[in-house]
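The following note sets out, point by point, what may be read from the coordinates at hand. It is addressed to a colleague who has the sequence and the structure in view.

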Amino acid sequence: MQSTLTTSAPRATNGMPADHFNKLRDWLIKQLTPAAERYMGTSPGHVTWLTEQVNAMLAKNNVQLSSTDLQHLIDSVTDEVIGYGPIGPYLRDSSISEVMVNGPDLTYIERQGKLIETEVRFRDNEHVMQIVERIVKPLGRSADRRQPRVDARLPDGSRVNVIIPPSALNGPVITIRKFPSKRIMMDDLIAFGSVTRSVADFLEACVKSRLNIVVSGGTGSGKTTLLNVLSSFIPEDERIGTIEDSAELQLQQKHVVRLETAPALPDGAGQVVIRDLVINALRMRPERIVVGECRGAEALDMLQAMNTGHDGSLTTIHANTPRDVIARLETLVLMAGFDLPLRVVRAQITSAVDLIVQQERLHDGSRKITHVTEVQGMEGDNVVLQDTFLFKAQAVSEDTGKVQGELAPTGTRPNFSPRLKAAGFDLSAEMFGADLNTILSAKTRR
């Protein structure tokens, strides 16, 4: 016969010592875990049920706690019984943008662009796998030997990547890119120092004038956030199709068709990739297509869409400079399997893409737009790029460690200015300013 759990709780008083609190928490977890299997997930209803259970058990055993201790206890028990374990508090903290579990003994968070090691420790690999199961099981997915890598998302939209042994040598790895609770707008980016007001006005004019824009940058540089901001400038009366690997875009327009990739089923059938969705979207009469990220053969279909009546489309791409964007697009187009001459590929790119906006995460953790670059066309076999705005770091503050610099105009008005004017944006010559070197040297003299 299976032994029963103890029926009496450890006694405690207000302001209890940490060891008493931990014993009380562990006792509640043991009592509640068997009954909580059907309540997995931190939905409001599940949290309410668990809170009622905790309060009832404390009252039954005459355990009295201060309101602060009680809330801490409920949060801790919720995390372990139906939530995300030791990383639960970090997922609730709005100041944290990423949580990275590197096996049971090492967890990092990202706050304000900086990686910070935490004191979080899981009991063992099995404890980490319990949290993995709570993430993927509600989605009808599983992480096991046949599928050691899983992409998923939390109910709030946060993006999750999981990879487990034997592919992960130090234990299960969980990487969570949190979904911001507050939608970031252009005014927020200006307040953060990511962009200036004049560049923001220029980008708004470009989006509303239906220029095709590629947002580029490295991992964690803020590409998706910037894509979200730019998409907010699309007029309400246009039909928009969004295509993503993991839905992160937060378009507020009403007429939006959202498409998302689907992984293969265990038998290998049912997989839907970005390229399939781009091709399908072209049959849905979109006026604009927004692709979360071009990373494969879908780049060719995206360029063709931009060239065939879907002006004003937006996408992101991994690249370190605007020049690298061209090279990466060339590579991705060739991945489509067509034996196209490189000159033809470049002609497709220059015909489709009007503007490249480069976003970078600097070494101080800040995210800034560093290049706003026009794709002017072909000169011989080469693609001609021209920076319209350029960020140049000037110094690092000794007090704050922040990079100081300016996103300034280069003095060159873009060739597509007539398109902006035709759309009602007669931008002043002052917006494009004097030569950047002249501006910087003048500041140095002052």
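1. Leu 340 sits in the loop that separates helix H11 (322–334) from helix H12 (342–352). In this predicted model, Leu 340 has a relative accessibility of 31% and therefore counts as partly exposed. Leu 340 belongs to a nonpolar patch on the surface, together with Leu 334, Phe 338, Leu 342 and Val 344. The accessible area of these residues together is about 390 Å².

2. As to the chain overall, the protein has 446 residues, of which 48% count as buried. The chain contains 15 helices and 15 strands. Its C-alpha trace spans about 85 × 60 × 45 Å along the principal axes. The exposed area of the protein chain is about 22,100 Å², and 50% of it is supplied by carbon and sulfur atoms. When contacts between residues at least 6 apart in sequence are considered, 56% join residues at least 24 apart.

3. One open sheet is made of six strands with antiparallel pairing, in the order E3-E2-E1-E6-E5-E4. Strand E3 (114–117) and strand E4 (149–153) each have a single partner strand and stand at the edges, so one side of each has no neighbour in the sheet. From one strand to the next, the twist averages 15 degrees.

4. Within this sheet, strand E1 (residues 96–102) and strand E6 (residues 173–177) run antiparallel and are joined by five bridges. In this pairing, Asn 102 is opposite Val 173 of E6. Helix H5 (residues 125–136) lies across E1, E4, strand E5 (159–163) and E6, and runs at about 45 degrees to E6.

5. Which residue meets Arg 177 in a salt bridge? The partner is Glu 98, with an N to O distance of 3.0 Å between the side chains. Because Arg 177 lies in strand E6 and Glu 98 in strand E1, the pair ties together parts that are 79 residues apart in sequence. The two residues may also be described by their accessibility. Glu 98 counts as buried because its relative accessibility is 10%, under the cut-off of 20%. Arg 177, at 22%, counts as partly exposed.

6. Strand E12 (residues 355–361) is mostly covered, five of its seven residues being buried. Strand E7 (residues 213–217) runs parallel to E12 and is joined to it by five bridges; here Val 214 is opposite Ile 356 of E12. E12 also pairs with strand E13 (residues 367–379), in the antiparallel sense and over seven bridges. In that pairing Arg 361 stands opposite Arg 367 of E13.

7. E12 and E13 form a hairpin with five residues between the strands. In this hairpin, Gly 365 adopts a positive phi near 95 degrees.

8. The structure holds 19 salt bridges. One of the salt bridges joins Glu 110 to Arg 367, whose closest N and O atoms are 3.2 Å apart. Glu 110 lies in strand E2 (residues 107–111) and Arg 367 in strand E13, so this pair ties together parts that are 257 residues apart in sequence. Glu 110 is buried, with a relative accessible area of 3%, whereas Arg 367 is partly exposed at 23%. A network of salt bridges links Glu 110, Arg 361 and Arg 367. Arg 361 and Arg 367 also stand opposite each other in the pairing of E12 and E13.

9. Where do the partners of the salt bridge between Glu 238 and Arg 288 lie in the chain? Glu 238 is in the loop between helix H8 (223–231) and strand E8 (240–244), and Arg 288 is in strand E10 (residues 288–291). The pair links distant parts of the chain, 50 residues apart. The side chains meet at 2.6 Å, N to O. Glu 238 is buried, with a relative accessible area of 9%. Arg 288 is likewise buried, with a relative accessible area of 0%.

Notes: Residues are numbered from 1 along each chain as its sequence is written. This is a predicted model: local features need pLDDT of at least 70, side-chain atom pairs count only at pLDDT 80 or more; totals for chains, interfaces and linings use all residues. Side-chain values use heavy atoms; hydrogens and water are left out. Patches are made of residues with over 30% relative accessible area and no salt bridge: like charges are joined within 9 Å, nonpolar side chains (Val, Leu, Ile, Met, Phe, Trp, Tyr) within 5 Å. Accessible areas come from the Shrake-Rupley method with a 1.4 Å probe; for residues, only the protein chains shown count as cover. A salt bridge is a side-chain nitrogen of Lys or Arg within 4 Å of a carboxyl oxygen of Asp or Glu. Helices (H or I, at least four residues) and strands (E, at least two) are DSSP runs, numbered from the N terminus. Buried means under 20% relative accessible area, exposed over 50%, partly exposed in between (1.4 Å probe, protein chains only). Two strands pair if DSSP finds at least two bridges between them. Axes are lines fitted to C-alpha atoms, for helices over the stretch in contact, and angles run from 0 to 180 degrees between N-to-C directions. Contact means heavy atoms within 4.5 Å.
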